[in-house]
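New to this one? Let's take a look at how some of its helices pack and where its pockets sit.

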Amino acid sequence: MAIRELSSLEKYLGLKKPNKYTTQGDKKIPVLQNSNGAPVIGLVTVACHLVREAKRPELLGDGAEDRAVVQQWLEYRVTKVDDCSKEDSRTILKELNSYLEDKVFLAGNQITLADIFMYFGTHSIIVDLSIQEREQFVNVTRWFDHIQHVRGLRHHLPPVSVLRNRIYTSRHH
């Protein structure tokens with residue numbers, strides 16, 4: 001899955017020449033076969049390398065604080081979200097829902113690599129939820145829907161219907 005995510009990131013970034021990837025170990029850690037020297041190893045490391053290669057530093061955060069928040073969410077993705085259990089996914093959704101209560105993006109005022117890779121990482125969790133379950137995590141579903149509609153981002157993932165269309169709530173009847 002990580003290699004598909006990196007390929008989608010390459011397309012989103014508009015990188016013309018696709019890179020060659022392999023994996024290493026039981027966890028299939030992505031490895032970028034770099035023509036300029038040593039290989040680049042690890043999902044986050046390779047992703048950050050691609051962002052720099054595309055000259056899109058804003059995706060890593062605008063200031064020192066935003067860059068730290070981006071790195072924090074990328075680490076959260078790799079350590080908590082990847083390979084999480086069903087019970088862990090509920091905790092992740094609760095934490096993410098609480099965090100996104102007053103935010104549009106995970107770091108700063110624009111999409112960052114944190115949003116992209118948390119979207120990729122939470123896609124399978126969101127897909128497995130019923131519409132009613134998705135509505136319990138309204139901030140996550142709002143964020144998720146916003147990110148999935150960013151032009152050119154969702155290459156390898158199907159769209160997810162995140163909320164029912166409700167014109168009136170029951171108290172307006």
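One thing to keep in mind from the start: this is a predicted model.

**Helices H3 and H4**

Let's begin with how two neighbours cross: H3 passes H4 in a left-handed crossing. Helix H3 covers residues 64-81 and helix H4 covers residues 86-99, and the two pack at an angle of about 165 degrees with their axes 12 Å apart. Angles over 145 degrees count as roughly antiparallel, so H3 is roughly antiparallel to H4.

Which residues in H3 and H4 meet? On the H3 side they are Val69, Trp73, Tyr76, Lys80 and Val81, and on the H4 side Ile92, Glu95, Leu96 and Tyr99. Sorted by character, the residues of this contact of H3 with H4 come out as seven nonpolar, no polar and two charged.

**Helices H4 and H5**

H4 also packs with H5, the helix at 113-127. Their axes come within 11 Å and cross at roughly 125 degrees, so H4 and H5 are oblique to each other. This crossing, too, is left-handed. From H4, the contact uses Ser89, Leu93 and Leu96, while H5 brings Met118, Thr122, Ile125 and Ile126. Here the split is five nonpolar, two polar and no charged. Leu96 shows up in both stories: it is part of the H4 side facing H3 and of the H4 side facing H5.

**The pockets**

Here are the two largest pockets side by side.

| Pocket | Volume | Lining residues by type |
|---|---|---|
| Largest | about 710 Å³ | 13 nonpolar, six polar, nine charged |
| Second largest | about 180 Å³ | two nonpolar, six polar, three charged |

The largest pocket is lined by 28 residues, and the closest to its centre are Met1, Arg77, Val81, Asp82 and Asp83. Val81 is also one of the H3 residues that meet H4.

Which element gives the largest share of the lining of the largest pocket? That would be H5, with four residues. Plenty of other elements join in: helix H1 (2-13), strand S2 (29-32), helix H2 (43-53), H3, H4 and H5 each supply at least two residues of that lining.

As for the second largest pocket, its lining includes Lys17, Pro18, Asn19 and Lys20, along with Leu32, Gln33, Asn34, Ser35 and Asn36. His49 and Glu53 line the second largest pocket as well.

Terms used
Residues numbered from 1 in each chain as written. Predicted model: local features only at pLDDT ≥ 70, side-chain atom pairs only at ≥ 80, totals over all residues. Heavy atoms only, no water. Axes fitted to C-alpha atoms, helices over the stretch in contact; angles between N-to-C directions. Parallel < 35°, antiparallel > 145°, perpendicular 65-115°, else oblique. Left-handed = near helix turned anticlockwise from the far one by under 90°. Contact = heavy atoms within 4.5 Å. Nonpolar A, V, L, I, M, F, W, Y, C, P; charged D, E, K, R; others polar. 1 Å grid on protein atoms, 1.4 Å probe; cavity = no way out; pocket = protein on both sides within 12 Å on 5 of 7 lines; lining within 4 Å. Points joined across faces, edges and corners; volume = space filled by probe spheres on them.
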